[in-house]
Structures are given as C-alpha cells and as structure tokens.
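Please open the structure in your viewer and keep the selection panel at hand. The stops below say what to select next and what is to be found there.

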Protein chains: 2
Amino acid sequence: MPPCSGGHPHPAHSLKKQPSKPTIASRPGELTIDLVAAAAGVSTATVSRFFNSPERLRKSTAARVQEVVNRLGYVPNLLAGGLSSSRTRMVAAVIPTMSNSIFSSTIQAISDTLADQGYSVVLGLTGANDQHTERQILSIIGRRPDGIILTGAVPSANTRMKLKASGIPTIETWDLPQDPIDMAVGFSHEAVGRAIGEHILRGGGRRVFIVSAGGVRALARRYGVTKMLVENGVPEPAIATFPGITTFGDGRRAVAAHLDAGGRPDVIVCSSDWGAHGALDELRRRGIRVPADVAVLGFGDIAFAGELDPPLTTVKIDGQVIGENATKFLMKRARGQNVRHRVVDVGFELIVRASG
Amino acid sequence: MPPCSGGHPHPAHSLKKQPSKPTIASRPGELTIDLVAAAAGVSTATVSRFFNSPERLRKSTAARVQEVVNRLGYVPNLLAGGLSSSRTRMVAAVIPTMSNSIFSSTIQAISDTLADQGYSVVLGLTGANDQHTERQILSIIGRRPDGIILTGAVPSANTRMKLKASGIPTIETWDLPQDPIDMAVGFSHEAVGRAIGEHILRGGGRRVFIVSAGGVRALARRYGVTKMLVENGVPEPAIATFPGITTFGDGRRAVAAHLDAGGRPDVIVCSSDWGAHGALDELRRRGIRVPADVAVLGFGDIAFAGELDPPLTTVKIDGQVIGENATKFLMKRARGQNVRHRVVDVGFELIVRASG
DNA sequence: CTGTTAGCGCGTTCAT
DNA sequence: ATGAACGCGCTAACAG
C-alpha cells in the first residue's frame, strides 16, 4: 500500500473556507443528465424530454442527444426520476414463496405486460405462513411503487389499514375479499368447493377424503365441498391438513396414512395438483385403481395434469388472466382514470378428466 | 358534491407574483420526515437517525419519535433515501421465468437473507430464450440497485459491458463463466456432464439417449457427457433438444418419438427432472422396466425426485447455498470490503437412486 | 447527543 | 421547440 495515493492528502491547509466543496455521495464517475446535456449542447430539460416524450423534440435535436447517450452509455437514474415525478414505474408483487407457486403465472403475466412500459416488479416474499407479510409490505410502501399486487398473502387488519393509508393502488388477487382494500381480481374459493361437491354428488361418491392446505383459501374451498355434500346427505368428509402448499409427498403420505388407518375412501380431494399427483402415485403402488376404486381430484391444473396416468380431474384458474386484469387496473389508475368496477370475478373451470 | 370544497378556490387574485408557490408533485397528503420532526419537536436529522442508527439517539428522544411515527403512520420514502445516500437497499434478480424454475430456491434464499436488513428484490424476467435480457438489465441499472444477481440469463457482450460500466456489484450464478463480469457463484456444467458420463460408464450403458434443453448450460452438460462417453469407446448419444426448460411433456414425447423411431436406448439422460419424470411415465406405460431395461437420469433433484417410482437418479445443485453466497458477496461489498476470491464453486452432487 | 444545511439526479413548470 | 430554476424527501457532513 503506497504511503500516499493521490488526491488531496493534506486538506487541512485549504485556503479560507470554501463555501461548498460538496460531499460526493454518489460514485465519482456517475454520469448525470447535466453531463449529457452539456455534451450534447442542450439543456437538461431537453435530455429529459428525449427519454420521456421524444415526440416533442425536433428530430435533429433528438438525434444529437441520442448520439451522446449512446456514446457515453448514459442510463437515467430512475430513483431521481421517481422522486421528482412521484411515478416510480415499479409495481410490487407480494406472494408467499417462489417454489412451485401456483401464482407464478400471474406474476409472469404482470411482468410481461408491464416490461414494455418500463415497469419493474419488486418482489415481496412473505413465507408460506405469512409471518412476514407486515414487514414486507411496510418495506414495499417505503419504495412508493405505482401499485401493489397481493396474491396469496392475507394481510392483517393493521396492515390493511397501512395499505389504505398509503394511497397506493392495491389489488388483491386469487380471491374475492368481502371487504376489499381497494381493487380485487379473483374468484370465490367457496364456489370452487361447491363445484367440486356437486361433481362428487354427480359421481355418487360418499366416502370423501380431503387432503388440504391450512390457509384461509383452502379452508373456504373445504367448507364449500363439505357444505354441498352434507346438505345432500353425504357423510362429512375425513380431512388431513398440512401447513403451506400441499406437496407431492404430502399427498402421498396423507393417502398412505389414511388407508393404513382403515380409511376406504371413494373420492380423494386434494388442495393442489401436486398433492393429487402424490395420491395417484401412492394408489398405484397399492394396486388401487383410479377411478374404478377411488376418484382423485386436484386443484390448479398444473402443466402436466392432463398427462398424468390417469389424467387428473382438477380445477383450472387462469392465473395469467388475473395478472392481466390486475395490470389493466393499475394502468388505468396511472392515467388518473377512475376504475368503475373495482372487483373482477375471473371464475374457474372444473376440468373433468379420467381420474374422477 | 359541494360547490366549493375549501382551499383557495380563486387563486387568480393572489397578490403580486408569489415567487414560488411550488407545484405539488407528490400527493398532497404525503407525510414527510419534516412533518414528523416538527410533530416530535426534533430536527429532521434526528428522525433520520431514528430509522438508520437508533443507537445514537437518547432513549427518551427515540421514544418520542417512535410515538409520533406510530401515531402518524409514517413510512420513510426509500426513494429519497436511496437518492441521497446512493444505497437503495435493493438487489435485482435476473431469471428467465417464474414457472417451475430451478432457480427459485436461489431467489428465495436471497430474499430471505436480505429481508431482515431491509432489502427488497426487484425481479427481471428475461423470457426463456433471453430475448429481453438487455432491456431488463438496462431498466434494472436505472434503478441503481446495490447488487445484480444474474441466474440463468446469459447477457450479450454488449450488456456485459454496460453492467461493468455501471459499477454495480454483479454476481453471475449457476455457472462458472470463463471471464466473469464481476463475481460468480456456481458450478461447472461440463463437470456435471462428465460425472454423468462416468456414472453411465460404470453402469455399462452404451446406447445413450439425451433429452436436452437448448441453452448454453445444457449444451455444456451434454458436451461433458458425450466427451466422456466417446473417449471411452461408447457410441455418441442420440439427442433430442427442446427450447427452454425440458418439461414433463417434452420428456414423455421425446422418449415416445425415439422409441417409435426404433431407438432402443439403455440410458436416457434428461436435462431436467421434469423431463425425466415424463420419461419414466412414458416407459411405464409401455411396460419398459426401469432400471432393468433402461436407466433414467435427471438434473435438479426437484422436491419429489426421491419419491418417484422408481426414485430418480439425478444431480443435485444447492440453489440455496448459491443464493446465500451471492448475498454474502453483496453484503461485503456494501460494507466497502473488497472481495478476495471472486469466484465460488459450490459443486454438485450426483444422487444415485433406483432409476439408474 | 442533536441541529443546520447542502445537495443526491431528475421532472416540471413557466418563459421564451 | 427549448431553456432556467425549483424542489421531490432524504442523508451526510459539520458544528455545536
């Protein structure tokens, strides 16, 4: 290490009291709009317009700016832009986890629709049991996104208030809350449950076994199924619950345990296709035929649900449509337009295949 | 609607020329640090310190600020904070897609490790074929994150330059680039291929069929396998390639087509466990025994690889460890420390199960 | 331990 | 069609 590596080693003897040799907070080399403007021989406003409303520049001016921007490799600081304009071109997506999330199609659709318009997605992962929802949402509000999309996470009353107070357009998805924070795009989980119940009734099933996740959404579906069955004289289903998403292993082990304990179901309802997949697998190993001996129903219509053996009967939710609707809401709001119908029911589809 | 709802309904008759009744860019109700400071009877700096270095405040002062913050529901504007401090407390994660991505464990780990420290993750989805990598990365650079983590995406030479020029710490993951942009955490795909090749040699396989994705990583693995086999007198494998991730359906159909075309492999190597899963399924339908008639190998060790029938032999990468190492790098850099070994090989593990 | 003050880089009036 | 100047909300010296 050299004893003296350049710069001003002895600032102590600087003359007088320089009123403001300002502290350099940013990296020294940082390229700013002023530098670009100077290099192009225009004002900063012109460079700003070049990026935000190029149509208002004379062609020749735009070309000149373009050239300098390319040559210098200037990338506008969106932080500063956002602070100045209070439009950050960010939307926040709050989901429980990354892993085999049923919500990935929604996030993907949001990102895809918004990327063209220069928007980015900030992720808020709350954990399977929503332990960290409040913290994540606070941190997100601090970033002042142009919109917040909640999917899967169920905010506490306190958090809901903070969201409302923030004034940030908020969209709850994958559900139809009784009292929306702001806007909502989803479907009724209870209605899904009822549809499954009706399907079971049509098939004449009577000994129903439900493998379910623990959240409020899965609970609503369970409730729909059970209500429909009980109201029609079918005995109340047996239930196994798991925290978080029902996995392949969960489905397999739940079925194994139930059978080993003497259960003889004629219908197995799983709260995810993963669980149903595991159930199918366990049944096959035991030589129990599907659907001859027992029907198996899933939820989600994952990519290969139709390619399983036998193909899986399940409920399909169009996560992409949910995402697209959510961004439509956001874009409207961004344009200052008022959204009339603040709740959209995208429905669902019971896809009957060979498994039940 | 009341005809006149307060405020200054007739600003036209304001006296003289107010030098600057500044335009209100932000929402009128926006709560700022100054308002909080005033309400607490302290200076803005004190409120700032309350959030960023509370230990430097007298307990009683902190309590007073705390009370006001709670009562008013103040959430600091991280945009302004980031602009001022040039630390945004954001890290960007660039990945191809959300859906059944092998990288989700890495992103999850990054988010989990960083959430405590107030960091958020911005997502850059580039598409399966990296069409939009450049645009996404530019938009990300504009947000001045404290770090950029590249996983799966393979930036063009041009984009690599922009990343370098940006001065933002950048970590390439899930690979060991010959010429890293900055830092890297990953493993050698070619080495994985060689390990698979060795495993095949040990098992005596000679008619190998490879179902592979199209990207450069999968290509490297394929190359490793092929080289190892050919160097040891095994005929060059047959190959079927698919763009993007190899899915369940891809695996199933590739195997079906290969068999229908007269292929009689004794080893099937898939570039994802999904593909291997599909292959297993197709083989079972055709009454071909695994591993007696043909061995099946996967890649990724997805959650239920060990629960398939038969359990799947595959290569396990610890995506979580990759994510943790990446954030370690970033945190070191954030503290201004220099990172000594800028490339970490996390290795991989060949997990031999019953399928081959 | 606390207050004062000068920018951070940009969008946005308001002139011209 | 372009320029000048202010301030978005906050952090970081520095002074006390």
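## Domains of chain A

Begin with chain A of this predicted model, where the domain assignment gives domain 1 (33–76), domain 2 (86–187 + 320–346) and domain 3 (189–316). If you colour domain 1 and domain 2 of chain A separately, you can follow the 34 Å that lie between their C-alpha centres.

## DNA strand C

Next, select DNA strand C together with the 30 residues around it, of which Ile33(A), Tyr74(A), Thr46(B), Arg49(B) and Thr61(B) come nearest. Among the atoms of DNA strand C within 4 Å of the protein, 67% are sugar or phosphate atoms, while the rest belong to bases.

Now show the side chains of chain A that approach the phosphates of this strand. Tyr74(A) has a side-chain N or O atom 2.2 Å from a phosphate oxygen of DNA strand C, Ser48(A) has one at 2.7 Å from a phosphate oxygen of the strand, and for Asn52(A) the corresponding distance is 3.0 Å. Two or more residues each are given to the surface near DNA strand C by helix H2 (44–52) and helix H4 (78–85) of chain A, together with helix H2 (44–52) and helix H4 (78–85) of chain B. If you colour this surface by residue class, it shows 10 nonpolar, 14 polar and six charged residues.

## DNA strand D

Move on to DNA strand D, which also has 30 residues around it, and here Thr46(A), Thr61(A), Ile33(B), Tyr74(B) and Ser84(B) come nearest. Of the atoms of DNA strand D within 4 Å of the protein, sugar or phosphate accounts for 68%, and bases for the rest.

Which part of Ile33(B), backbone or side chain, should you display to see its N or O atom beside a phosphate oxygen of DNA strand D? Display the backbone, since a backbone N or O atom of Ile33(B) lies 2.3 Å from a phosphate oxygen of the strand. For Thr61(A), by contrast, show the side chain, in which an N or O atom is 2.2 Å from a phosphate oxygen of DNA strand D, and do likewise for Ser48(B), where the side-chain distance is 2.6 Å. The elements that give two or more residues to the surface near DNA strand D are H2 and H4 of chain A as well as H2 and H4 of chain B. By class, the residues of this surface divide into 10 nonpolar, 15 polar and five charged.

## Aromatic rings

Turn now to the aromatic side chains, which form 15 pairs over all chains. Select Phe50(A) and Phe51(A), an edge-to-face pair whose centres are 5.1 Å apart and whose planes make an angle of 80°. Phe50(A) counts as buried because its relative accessibility is 13%, under the 20% limit, whereas Phe51(A), with a relative accessible area of 33%, is partly exposed.

In chain B, select Phe103(B) and Trp174(B), which form an edge-to-face pair at 5.0 Å centre to centre with 80° between the planes. Phe103(B) lies in the loop between strand E1 (90–95) and helix H5 (104–115) of chain B, and Trp174(B) in the loop between strand E4 (170–173) and strand E5 (183–186) of chain B, so the pair ties together parts that are 71 residues apart in sequence. Phe103(B) and Trp174(B) are both buried.

Then select Phe248(A), Trp274(A), Phe304(A), Phe248(B), Trp274(B) and Phe304(B), which form one aromatic cluster. A further stop is Arg221(A), whose charged end sits over the ring of Phe299(A) at 3.9 Å from its centre, and in chain B the charged end of Arg221(B) sits over the ring of Phe299(B), also 3.9 Å from its centre.

## Backbone details

Finish with the backbone, and select Pro291(A) in the loop between helix H11 (273–285) and strand E9 (295–297) of chain A. The peptide bond that leads to Pro291(A) from Val290(A) is cis, with omega near 5°. In chain B, the peptide bond from Asp309(B) to Pro310(B) is cis as well, with omega near 0°, and Pro310(B) lies in the loop between strand E9 (295–297) and strand E10 (314–316).

The last residue to select is Arg144(B), found in the loop between helix H6 (133–142) and strand E3 (147–151) of chain B. Its phi is near 50°, a positive value in a residue other than glycine, and Arg144(B) is buried, with a relative accessible area of 16%.

Conventions: Residues numbered from 1 in each chain as written. Chains lettered and ligands numbered in written order. Predicted model: local features only at pLDDT ≥ 70, side-chain atom pairs only at ≥ 80, totals over all residues. Heavy atoms only, no water. Near = heavy atom within 4 Å. Polar contact = N/O pair within 3.5 Å; in protein donor to acceptor, adjacent residues only side chain to side chain. Helix = DSSP H or I, 4+ residues; strand = E, 2+ residues; numbered from the N terminus. Nonpolar A, V, L, I, M, F, W, Y, C, P; charged D, E, K, R; others polar. Domains from an automatic or database assignment. Phe/Tyr/Trp six-rings, centres within 6.5 Å; stacked < 30°, edge-to-face > 60°. Buried < 20%, exposed > 50% of the residue type's maximum accessible area, 1.4 Å probe, protein only. Lys NZ or Arg CZ within 6 Å of the ring centre and 35° of its normal.
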